[in-house]
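Reader: I am new to this structure and would like a close look at the part around the ligand. Please take me through that part and then place it within the rest of the chain.

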Amino acid sequence: MTDQNSQVFGEMYARAYDLCYRTTNYDAEVDWVVQLYKTHGVDRARPLPPLHHVFDMGYGTGSHAVSFMKKGWVVSGVERSAPMAAIARERVKSWRKTPSPLPPELLVGDFQDVVDGRVVLDGYGECDLAAMIFIVIGYQFTNEDLMTALTAARNSLRLGGVLYVDYWYGPTVVTSPPRAELHEYKVDETASWEKLYRLVSPRVDYDRNLVNLTYKLVGIKRDGGVEETIEHHGARYFFEPELRLAGSCAGLRLITTHPFMDSSRRATVGDWKVASVFSAV
Ligand SMILES: C[S@@+](CC[C@H](N)C(=O)[O-])C[C@H]1O[C@@H](n2cnc3c(N)ncnc32)[C@H](O)[C@@H]1O
């Protein structure tokens, strides 16, 4: 884990996270990821196995985990931010209301802990699908971090299982670099704030294939007070050939790369967010 990652997804950011992404359609995203699994998993010609098991890598506040459970999947996950994991654990408490036959196993730790055996997914056996949904792989800034994440994924998967990753597409980032943005988010009466703002300042580091992202969050409290935090994130952008090579070193064969949420064509320059699918070999 790099130093740059040590102060990210802290307490205030975790509380703001679901407000920042309240318009995300988590069920639709999981439908798409499962569709990719059904298309590219090697058992696609056979009836689906009775129990479907996903490794939700970097599960954040657990919204995709709930969507998987709503589809009857069993979920194991690893997340390194304790404040994000705490929100996820609250969110999945109602798993019995979903068709998932078993409670989710949401662990706290880094992918490095999984590879080194300090965090063990021991509940439900091999996974059919490993998923790093919403730029999780972009937080693997060095090649060592990248190989650790891919190794953690491969070790969890059965032969023929599928790895899904989405990320900012290198050809697009270098030709149309991101700009600073200020967002105001809608809040309701359950939120800690009356108003919430997020300023994102990107700076592209072309030597590391990394967009450094400074996030400033400002929450205006109901008593007029102000709560704010600054976090230094990053989004490593990837090119398909490097992911193909990295995957092959970890026992994962890259099958295809699509624009995010669009399986009808392959990714090309101009697509900002893309997804690659790997098969465990
Ligand atoms: C942009 S958030 C996405 C969260 C969630 N998947 C979602 O879609 O809402 C990226 C998440 O990945 C987690 N993460 C990134 N790298 C990780 C690593 N090496 N080990 C464990 N968690 C990691 C972060 O802590 C963060 O919660």
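Author: What follows starts at the ligand and works outward to the helices and the domains. The model is a predicted one.

The shell around the ligand comes first. Of its 19 residues, those that come nearest are Gly-58, Gly-60, Arg-80, Phe-134 and Tyr-139. Two elements, α3 and β2 (74–79), give two or more residues each to this shell. Sorted by class, the shell holds 11 nonpolar, five polar and three charged residues.

Gly-60 can be taken as the starting point. Its place is the loop that runs between β1 (53–57) and α3. Is Gly-60 buried or exposed? A residue counts as buried when 20 or more other C-beta atoms lie within 10 Å of its own. Gly-60 has 23 C-beta neighbours inside 10 Å, and therefore it is buried. Once neighbours within four places in sequence are set aside, the contacts of Gly-60 are Tyr-17, Glu-79, Met-84 and Ala-88. For a sense of distance along the chain, Glu-184 is 124 residues from Gly-60 in sequence, and their C-alpha atoms are 21 Å apart in space.

Phe-134 is another of the residues that come nearest to the ligand. It sits in the loop between β4 and α6. Its phi is positive, about 75°, although Phe-134 is not a glycine. With 19 other C-beta atoms within 10 Å, Phe-134 is partly exposed, because the count for a buried residue begins at 20.

Phe-9 also has a positive phi without being a glycine, in this case of about 55°. This residue belongs to the segment before α1. Phe-9 has 21 other C-beta atoms within 10 Å, so it is buried.

The loop that holds Phe-134 leads to α6. Helix α6 covers residues 143–156, which makes 14 residues, and its first and last C-alpha atoms are 20 Å apart, close to the 20 Å expected at 1.5 Å a residue. Buried residues in α6 include Leu-146, Leu-150, Ala-153 and Arg-154.

A second helix, α2, can be read in a similar way. It has 15 residues, 26–40, which should span 21 Å at 1.5 Å a residue; the end C-alpha atoms are 21 Å apart, so the two values agree. Which residues of α2 are buried? They are Glu-29, Val-30, Val-33, Val-34, Leu-36 and Tyr-37. Viewed down the axis of α2, these buried residues fall within an arc of 150°, and so they line one face of the helix. Turned away from that buried side is a face with the exposed residues Ala-28 and Gln-35. The cover over the buried residues of α2 includes α3 (63–70), β4 (127–132), β5 (157–168) and β11 (273–280). Of these, α3 has already appeared as one of the elements that supply the shell around the ligand.

Last comes the division of the chain. The domain assignment gives domain 1 as 3–171 + 237–280 and domain 2 as 172–235. Their C-alpha centres lie 23 Å apart. Where they meet, 23 residues of domain 1 are in contact with 23 residues of domain 2. On the side of domain 1 that touches domain 2, α1 (11–20) and α7 (170–175) each supply at least two residues. The most comes from α1, with six residues. By class, that side of domain 1 consists of 14 nonpolar, six polar and three charged residues.

Note on methods: Residues numbered from 1 in each chain as written. Predicted model: local features only at pLDDT ≥ 70, side-chain atom pairs only at ≥ 80, totals over all residues. Helix = DSSP H or I, 4+ residues; strand = E, 2+ residues; numbered from the N terminus. Expected span 1.5 Å × (residues − 1). Buried ≥ 20, exposed ≤ 12 C-beta atoms within 10 Å, placed from the backbone. Arc of directions from axis to C-beta. Contact = placed C-beta atoms within 7 Å. Domains from an automatic or database assignment. Nonpolar A, V, L, I, M, F, W, Y, C, P; charged D, E, K, R; others polar. Near = placed C-beta within 6 Å.
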